[in-house]
Structures are given as structure tokens and as C-alpha cells.
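Please open the model in your viewer and keep the sequence panel beside it. The stops below are meant to be selected in the order given.

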Amino acid sequence: MTTIATASESETTAVGRELGGTLRAGDVVLLYGDLGAGKTAFVKGLAEGLGVAREEVSSPTFTLVQEYRGGRLTLYHVDLYRLDDPREVFDLGLDEIAADGVLAVEWAEKMDARLKPSGYVEVRIVHGEGDARSVTVDRAASPYSDR
């Protein structure tokens, strides 16, 4: 587990970019953090690390799932903020959606524990004063924790 203090949105994005550069097809990134914590900024970094232009990334709050192609892997960006029933999450088919790409799930706490994949990377973002953030990346839950 690694915790990094960031002082700006661009620094939070850079942490995502570094992680994105290490991801492989089938990897799942579960993102936790309050509203405005910087989850989407982090996903913009993931996209850059995968070779997708960060300008392509927007919060999928109203569409639930965004798909970004053009990099070395497709990035599937999911936002569960508006979902309250675990059945709605199950109906998204997240277990199958990103077998050939990377899946990033904002508001992962809305997933029933039984729906979480067997291997994943947890990212917890805590909002501090101003633009300060604490970003914790835990690969212990990932089968690729040796990366």
C-alpha cells in the first residue's frame, strides 16, 4: 500500500497516470472518495497512462459507463453514484465489461462485496485543505501486487 500527498489536481492526475502505465487487460481499479475528492481527475491520469487523451475523460455520472479507446488498452469508466440498489450494479455486468481492457469504478463502495472481482486495485482519495489530497493505492487486493 502506498499513500501519496498531492497538492493540486495535476498531481492527483499524475498519480493516476503512473498507475495506468502498469495496468494490464482485465485489471479493475476501485475508487473511493467523497464528492469532489478527485476520483475523475485520477481516472484522467489512468487514461493518460493507458495512452488515451485525458481530454476524452469526463465523469460518467449520467451515462453510468464511458468507454475510451485509442490507447494500448480500452478504459471503461463507471460511476455508481446514482445507483442505490445492488441489483442495478449487478445489471451493469461489470464482471464481463472489461475483460480486454481496464475497468475503473468510481463510488465502488456501492458495489456489494459479492460483486467485487477477485483481484483489483483499491484507490482511496481523501480531500484535505484546498487542493490537497491524500491518495492511497492498495495493490494488495490485486493478483498483480508484485508490480
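Helices (H or I, at least four residues) and strands (E, at least two) are DSSP runs, numbered from the N terminus. This is a predicted model, in which local features need pLDDT of at least 70 and side-chain atom pairs count only at pLDDT 80 or more, while totals for chains, interfaces and linings use all residues. Residues are numbered from 1 along each chain as its sequence is written, and side-chain values use heavy atoms, with hydrogens and water left out.

**Whole chain**

Begin with the full chain, which holds four helices and seven strands and follows the pattern β-α-β-α-β-β-α-α-β-β-β along the sequence. Of its 147 residues, 47% are buried, where buried means under 20% relative accessible area, exposed over 50%, and partly exposed in between (1.4 Å probe, protein chains only). Among contacts (heavy atoms within 4.5 Å) with a separation of 6 or more, 61% join residues 24 or more positions apart.

**Helix H1**

Select Glu-18, which is found in helix H1. Is Glu-18 buried or exposed? Its relative accessibility is 62%, so Glu-18 counts as exposed. Now add Leu-46, 28 residues away along the chain, and the two C-alpha atoms are found 7.5 Å apart.

Move next to Thr-13, also placed in H1, which spans residues 9–20. Thr-13 is buried, with a relative accessible area of 0%. A polar atom of the Thr-13 side chain lies 3.2 Å from the backbone oxygen of Ala-41; this falls under the polar contact, a pair of N or O atoms within 3.5 Å, for which, within protein, one must be able to donate a hydrogen and the other to accept it, and residues adjacent in sequence count only if both atoms are side-chain atoms. Leaving aside neighbours within four places in sequence, Thr-13 is in contact with Ala-41, Lys-44, Gly-45, Glu-48 and Arg-54.

**H1 against H2**

Display H1 together with helix H2 (residues 39–49), whose axes come within 6 Å and cross at roughly 40 degrees. That angle makes H1 oblique to H2, since angles under 35 degrees count as roughly parallel, over 145 as roughly antiparallel, 65 to 115 as roughly perpendicular and the rest as oblique. The axes are lines fitted to C-alpha atoms, for helices over the stretch in contact, and angles run from 0 to 180 degrees between N-to-C directions. Residues of H1 including Thr-12, Val-15 and Leu-19 meet residues of H2 including Phe-42, Gly-45 and Leu-46.

Which part of H2 is enclosed? Nine of the eleven residues of H2 are buried, so H2 is largely enclosed by the rest of the structure. Among the buried ones are Lys-39, Phe-42, Val-43 and Ala-47. To see what covers them, show H1, strand E2 (28–32), strand E4 (75–79), E5, E6 and strand E7 (133–138), which are included in that cover. After H2 comes Gly-51, whose phi is positive, near 90 degrees.

**Two loop residues**

Select Asp-27 in the loop between H1 and E2, a buried residue with a relative accessible area of 4%. The side chain of Asp-27 reaches the backbone nitrogen of Arg-24 at 2.8 Å.

Finish at Trp-107, in the loop between strand E5 (102–106) and strand E6 (121–127). Trp-107 counts as buried at 11% relative accessibility, and its phi is near 60 degrees, a positive value in a residue other than glycine. Most residues other than glycine have a negative phi.
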